[in-house]
Amino acid sequence: MATYADAQELAALRSLSASIGRDPHLTQAAGGNTSLKAGDTLWIKASGTWLKDALAQDIMVPVAIPPLLRAVEQRDPAADQPQGFAIEALNTSRLRPSIETTVHALMPQRVVLHVHCVNTISLAVQADCEAQVAKRLDGLEWAYVPYRRPGLPLAQGIAERLRPGVDVLILANHGLVVAAETVAGAEALLRRVKGLLARPPRKVAEPDIVALTALIGPTGYRLPADVEAHAAAIDPESCRMASGGSLYPDHVIFLGQSSVVARPGEDVKRVTERHGTAPVAVLFPGLGVLMRGDAGAGANALQRCLADVTARVDVAAKLNYLTAAENDELINWDAEQYRQKLNAAGS
């Protein structure tokens, strides 16, 4: 770091990052990222790492800002490979910087927090998101960014919408970005926006553990890690939304292109036979969710996220699902394959 003050801020950012990473309503699995600018260096969370580990592990990677911004401005494909801009002499972890590095570099503020806040996502998947957010964030300097693939396409979308003074971004089908000159300022802004966008979840019954256990049979499936994950199947509206397709990138990466919903009378074996493959998760309407036995911590976290998001979506709202092309773009993207490899190793 360039100065003692920078070192103090980076320590504060690591502490805040760990706190954010422990809150499943703010980020899940390896999703979300945080950064600090120190002169011409951007310290940003490494791809595939979890924010909750920010105090226990070295997860911050140094990146040279000026050449990265030039690459974004010139629409150079190199900007989609941020590891090419890492400052290797300072990169003791030898990890790749986040796939969202360009987003952080574009924001002029020193501290940037990008989270997959369930309150934000529940609005960001609605076709009327921009109008709904406008009512809630009146008085703040914010911008709405239509969906684009994370990385250079998203950075270009942000550049088109960014105005002087904007310190809040609502990313369609994705999440929230807040920025400030200090870690304390960024944390305060995050808490404020999260509160302004909050919507209470619909209440649901308890999962039927006995019935779910009977449905497992010899398949190797199991109950999800978090009991909250069952709500996506128990609540009829949430189940309907989940069955429509994928709503945000991390769902595609960790759970597949859509949620698999069992038909009446089906057990896990019959669902698998109908699909020709064993889904990562199966939703049994009115009963709960079962996870494939080898589903990792990331898949469990995103199944919980699906329940948390859909429970907050307006039941009358039109939803914007990711298209087949957008799903394929994520699955076949080198940066996401790298992140998945790290997650598998961590699991």
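This report describes the sheets, selected helix packing and the cysteines of a predicted model.

Residues are numbered from 1 along each chain as its sequence is written, and side-chain values use heavy atoms, with hydrogens and water left out. Because the model is predicted, local features need pLDDT of at least 70 and side-chain atom pairs count only at pLDDT 80 or more, whereas totals for chains, interfaces and linings use all residues.

**The seven-stranded sheet**

Helices (H or I, at least four residues) and strands (E, at least two) are DSSP runs, numbered from the N terminus. Two strands are taken to pair if DSSP finds at least two bridges between them. Seven strands form an open sheet in the order 3-2-1-4-7-6-5, and the pairing is mixed. The edges are occupied by strand 3 (60-64) and strand 5 (142-145); each has a single partner strand, so one side of each is left without a neighbour in the sheet. On average, neighbouring strands of this sheet are turned by 20° against each other, direction ignored.

Strand 1 (residues 33-38) and strand 4 (residues 111-115) run antiparallel and are joined by four bridges. Leu36 has Val111 of strand 4 as its bridge partner.

**Helices on the sheet and against each other**

Axes are lines fitted to C-alpha atoms, for helices over the stretch in contact, and angles run from 0 to 180 degrees between N-to-C directions. Contact means heavy atoms within 4.5 Å. Helix 1 packs on the seven-stranded sheet, where it touches strand 1, strand 2 (41-45), strand 3 and strand 4, and its direction makes about 175° with that of strand 1. Helix 6 (residues 152-161) lies across strand 5 and strand 6 (168-171), running at about 135° to strand 5.

The axes of helix 1 (residues 4-21) and helix 7 (residues 183-196) come within 9 Å and cross at roughly 25°. Helix 1 is therefore roughly parallel to helix 7, a class that covers angles under 35 degrees, while over 145 counts as roughly antiparallel, 65 to 115 as roughly perpendicular and the rest as oblique. Helix 1 contributes Glu9, Ala12, Leu13, Leu16, Ser19 and Ile20 to the contact, and helix 7 contributes Val183, Glu187, Leu190 and Arg191. These residues divide into six nonpolar, one polar and three charged.

**The three-stranded sheet**

A further open sheet has three strands in the order 8-9-10, again with mixed pairing. Strand 8 (260-261) and strand 10 stand at its edges with a single partner strand each, so one side of each lacks a neighbour in the sheet. The pairings are as follows.

| Strands | Sense | Bridges | A bridge pair |
|---|---|---|---|
| Strand 8 and strand 9 | parallel | two | Val260 and Val282 |
| Strand 9 and strand 10 | antiparallel | four | Ala281 and Met291 |

The hairpin of strand 9 and strand 10 has three residues between the strands, and Gly286 there takes a positive phi near 80°. In a regular strand the side chains alternate between the two faces of the sheet. In strand 10 (residues 288-291), Gly288 and Leu290 point one way and Val289 and Met291 the other way, and all are buried; buried means under 20% relative accessible area, exposed over 50% and partly exposed in between (1.4 Å probe, protein chains only).

**Cysteines**

A search of the whole structure finds zero disulfides, a disulfide being a pair of cysteine sulfur atoms within 2.5 Å. The cysteine sulfur closest to that of Cys117 belongs to Cys305, at 9.7 Å, which is too far for a bond. For Cys129, the closest cysteine sulfur is in Cys117, 12 Å away and likewise too far for a bond. Cys117 is buried, with a relative accessible area of 0%, and Cys129 also counts as buried at 0% relative accessibility.

Notes: Nonpolar A, V, L, I, M, F, W, Y, C, P; charged D, E, K, R; others polar.
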